[in-house]
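Welcome, and please load the model in your viewer with a cartoon view to begin. We will take the tour one selection at a time.

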Amino acid sequence: MAGRTVRVQGFPAELPPDRAADKLTIHFLRSRNGGGDIAEVRVLSGSPPCALITFEAPEVAQRILKVKNHVLAIGRTRYPLEVTLHAAELSPDEVLRG
């Protein structure tokens, strides 16, 4: 999954995780937002919450990162999103092999 996953922050914390995942999926599927086919959306709880979006192809993640202003519209409210490349954490097996 290296290079295919982005981390997204900035969506409202009060949005239920399944609804946040739906809204983010719709936003990042749209070609006008640089998006494309999505393999997985995981909404992580926390303060602030964030989501990990894994695309089918690394090129899509790279296009997403080049778009400067991602804005998620929910009703009449617009939420500026912060999108960064997700650095995958190494599993203990990978660390031990090194």
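Two strands count as paired here if DSSP finds at least two bridges between them. Keep in mind that this is a predicted model.

**The sheet.** Select the strands to start. By that rule, five of them form an open sheet, ordered E2-E3-E1-E5-E4, with antiparallel pairing. Now colour the edges: E2 and strand E4 (70-74) each pair on one side only. Turn the view to follow the twist, which averages 30° from one strand to the next.

**Inside the sheet.** Next, pick strand E1 (residues 5-9) and strand E5 (residues 77-85). These two run antiparallel and are joined by four bridges. Which residue of E5 is the bridge partner of Arg7? Show both side chains and you will find Thr84 in that role.

**The helix on the sheet.** Add helix H2 (residues 58-66) to the selection. H2 packs on the sheet and touches E1, strand E3 (50-55), E4 and E5. Compare directions as well: that of H2 makes about 125° with that of E5.

**A loop residue.** Finally, go to Asn33, in the loop between helix H1 (17-29) and strand E2 (38-44). Is Asn33 buried or exposed? Its relative accessible area is 12%, and the cut-off for buried is under 20%, so Asn33 is buried. Leaving aside residues up to four places away in sequence, Asn33 touches His27, Ile64, Val67 and His70. For a last distance check, pick the C-alpha atoms of Asn33 and Asn69: they are separated by 9.1 Å, while the two residues are 36 residues apart along the chain.

Technical notes. Residues numbered from 1 in each chain as written. Predicted model: local features only at pLDDT ≥ 70, side-chain atom pairs only at ≥ 80, totals over all residues. Heavy atoms only, no water. Buried < 20%, exposed > 50% of the residue type's maximum accessible area, 1.4 Å probe, protein only. Contact = heavy atoms within 4.5 Å. Axes fitted to C-alpha atoms, helices over the stretch in contact; angles between N-to-C directions.
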